[in-house]
Amino acid sequence: MTEEAKRRLAEKNARNEAALALREGDRVPIHVLGNIYAVVHAGYTMAEVIYDETLEKQKNSIIRYLLDYDPDCSTGPDHLAGLGRAFEKLGPKFIDWAGRPGTKLDENSLMQFVEFPILEEEEFDWFFSDRTGWALRKSMPSLSRLAEPLRRLEIPQSHGGQLRPLISAFSSPEMREMLRTFWEIDDLFRENARRRGEMMKEIAQLGFPQTGGGRASVPFDDYSDELRGTLLSLTDLYEHADEVEHYIDERQELMLEQIRHMNPDGSKSGKLVHMMLHKGLDGFMGDETYVKFYWRHLQEIIQAIVDVGMVPSVFCEGRYSTRLEHLRDVPRGKVLYRFEDTPMDLAKKVLGDVACITGGFDNTLLTFGTVQQVTDACKKMLDDCAAGGGFIFQAKSSLVGDCKPENVEAMFRTVRDYGKY
């Protein structure tokens with residue numbers, strides 16, 4: 001790392017640490033990541049990035065964005081970068097992506113999830129009594145076209161200790177083809193992981209803090225996102241409350257155990273553990289239900305992350321105004337809350353003495369607004385949230401490809417100049 005990069009890293013780390021600790025640094029940190037805009041800014045499309053197995057296009061777009069706009073944190077590759085061919089082989093039914101043959105998505109679209117229930121109501125007993133059998137013969141084939149042969153997997157009881165029935169079950173032509181393709185996909189994923197590691201090491205030399213330290217999730221979100229879908233999971237709170245509680249308490253123990261091993265020697269440089277709250281927003285649950293099925297787990301996870309020396313970075317998707325009083329009940333100066341549609345002046349008022357806040361900036365202005373409108377909106381956000389520290393400037397959602405470069409520049413310039421303490 002060059003001396004200039006070392007200076008940049010130290011300066012940005014100090015700025016970020018001050019905000020997280022509810023102190024005023026030299027100025028408000030900016031954590032606006034490039035996302036699709038960075039790809040388009042570098043002259044590529046998301047479809048190209050997803051199918052470029054060298055990851056050079058993704059790397060070039062990240063580096064150019066960092067050097068052109070100088071945010072106070074780095075960013076990693078898109079979830080699907082370089083994996084287009086691997087996912088085509090896998091045939092997932094629950095996502096769609098730019099560049100996939102036959103897709104209706106724009107070439108600069110984010111990956112899109114296709115929600116449908118995996119766990120059916122009549123399968124609860126099977127799910128809780130034979131998780132492996134349910135996963136093999138129901139869940140995996142429901143998620144992947146390649147795994148369809150598993151629906152018909154039957155292993156008869158053998159006699160005399162013979163393994164022939166097991167061997168036969170996995171030796172049909174369709175099973176052989178599935179297994180061969182599994183191995184090919186695994187090779188692609190391993191190579192992609194190796195290239196990602198090399199890319200992140202190269203980007204780290206530029207001196208931008210790599211803040212990511214891990215991921216966590218609230219059990220009810222897992223239940224809703226991965227098993228029952230939004231509508232069924234919410235009606236289950238009333239019609240299958242025992243089953244919901246059984247699953248989320250079981251899942252909670254696994255999550256806490258994962259967190260306990262997240263930073264065993266305290267040496268991780270990236271400290272933020274990212275969580276995306278999908279189903280805790282205003283209007284999805286009454287307060288009593290929210291506490292029982294959502295908040296008590298979230299609060300425990302936040303504390304566990306703090307206990308291992310990491311920082312919970314909690315993205316409160318949607319509007320979270322009625323939940324803010326609950327969010328106060330966490331260790332002071334140890335948590336980062338990111339908001340999407342919650343009024344940021346309200347978040348500052350309720351949480352400003354407890355946790356660092358971020359997000360909320362309406363990035364549609366970057367596409368449809370003028371430079372003056374962007375400048376004014378940035379100043380208002382800083383007026384509402386910056387005083388006393390504990391604020392990081394960030395957009396409410398990902399930057400899209402058609403953001404106007406002059407508006408993006410105006411956003412960064414205004415925060416740098418007007419956000420000084």
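This is a selection-by-selection tour of a predicted model, moving from its sheet to its helix packing and one ring pair.

Residues are numbered from 1 along each chain as its sequence is written, and local features need pLDDT of at least 70, side-chain atom pairs count only at pLDDT 80 or more, while totals for chains, interfaces and linings use all residues. Side-chain values use heavy atoms, with hydrogens and water left out.

**The sheet**

Select the strands β3 to β8, where helices (H or I, at least four residues) and strands (E, at least two) are DSSP runs numbered from the N terminus. Six strands make an open sheet with parallel pairing, in the order β3-β4-β5-β6-β7-β8. Two strands pair if DSSP finds at least two bridges between them. Strands of a sheet pair through backbone hydrogen bonds, either parallel or antiparallel.

Start at the edges: β3 (212-215) and β8 (391-392) each pair on one side only. From β3, step to β4 (residues 272-277), a parallel neighbour joined to β3 by three bridges. Label Gly-214, and opposite it in β4 is Val-273. Keep Val-273 selected and look into β5, where its bridge partner is Pro-312. Between β4 and β5 (residues 311-316), which run parallel, there are six bridges.

Next select β6 (residues 336-339) and β7 (residues 356-359), a parallel pair with four bridges. Show Arg-338 here; Thr-358 in β7 stands opposite. Then add α15 (residues 344-351), a helix lying across β6, β7 and β8 and running at about 170° to β7. Axes are lines fitted to C-alpha atoms, for helices over the stretch in contact, and angles run from 0 to 180 degrees between N-to-C directions.

**α10 against α12**

Select α10 (residues 219-228) together with α12; their axes come within 8 Å and cross at roughly 115°. That angle makes α10 roughly perpendicular to α12. Angles under 35 degrees count as roughly parallel, over 145 as roughly antiparallel, 65 to 115 as roughly perpendicular and the rest as oblique. The contact (heavy atoms within 4.5 Å) takes in Pro-219, Phe-220, Asp-222, Tyr-223 and Leu-227 of α10, and Val-244, Tyr-247, Ile-248, Arg-251 and Gln-252 of α12. Colour these by class to see seven nonpolar, one polar and two charged residues. Ala, Val, Leu, Ile, Met, Phe, Trp, Tyr, Cys and Pro count as nonpolar, Asp, Glu, Lys and Arg as charged, and the others, Gly among them, as polar.

**α12 against α13**

Keep α12 (residues 241-260) and add α13: the axes are 10 Å apart, at an angle of about 5°. The two helices are therefore roughly parallel. Among the α12 residues to display are Val-244, Ile-248, Gln-252 and Ile-259, and the α13 side includes Phe-293, Arg-296, Ile-301 and Ile-305. By class, this contact has 10 nonpolar, two polar and five charged residues.

**A ring pair in α13**

Stay on α13 (residues 287-307) and select Tyr-290 and Tyr-294, which are four residues apart and so separated by about one helical turn. The whole structure holds 16 aromatic pairs. In this one the ring centres are 5.6 Å apart and the planes at 20°, so Tyr-290 and Tyr-294 are stacked. Rings of Phe, Tyr and Trp (its six-membered ring) pair if their centres lie within 6.5 Å; planes under 30 degrees apart count as stacked, over 60 as edge-to-face and the rest as tilted.

**α4 against α9**

Finish with α4 (residues 56-69) and α9 (residues 173-204), whose axes come within 11 Å and cross at roughly 20°. These helices are therefore roughly parallel to each other. Show Gln-58, Lys-59, Ile-62, Ile-63 and Leu-66 of α4 with Met-199, Glu-202 and Ile-203 of α9, which make the contact. Five of the contact residues are nonpolar, one is polar and two are charged.
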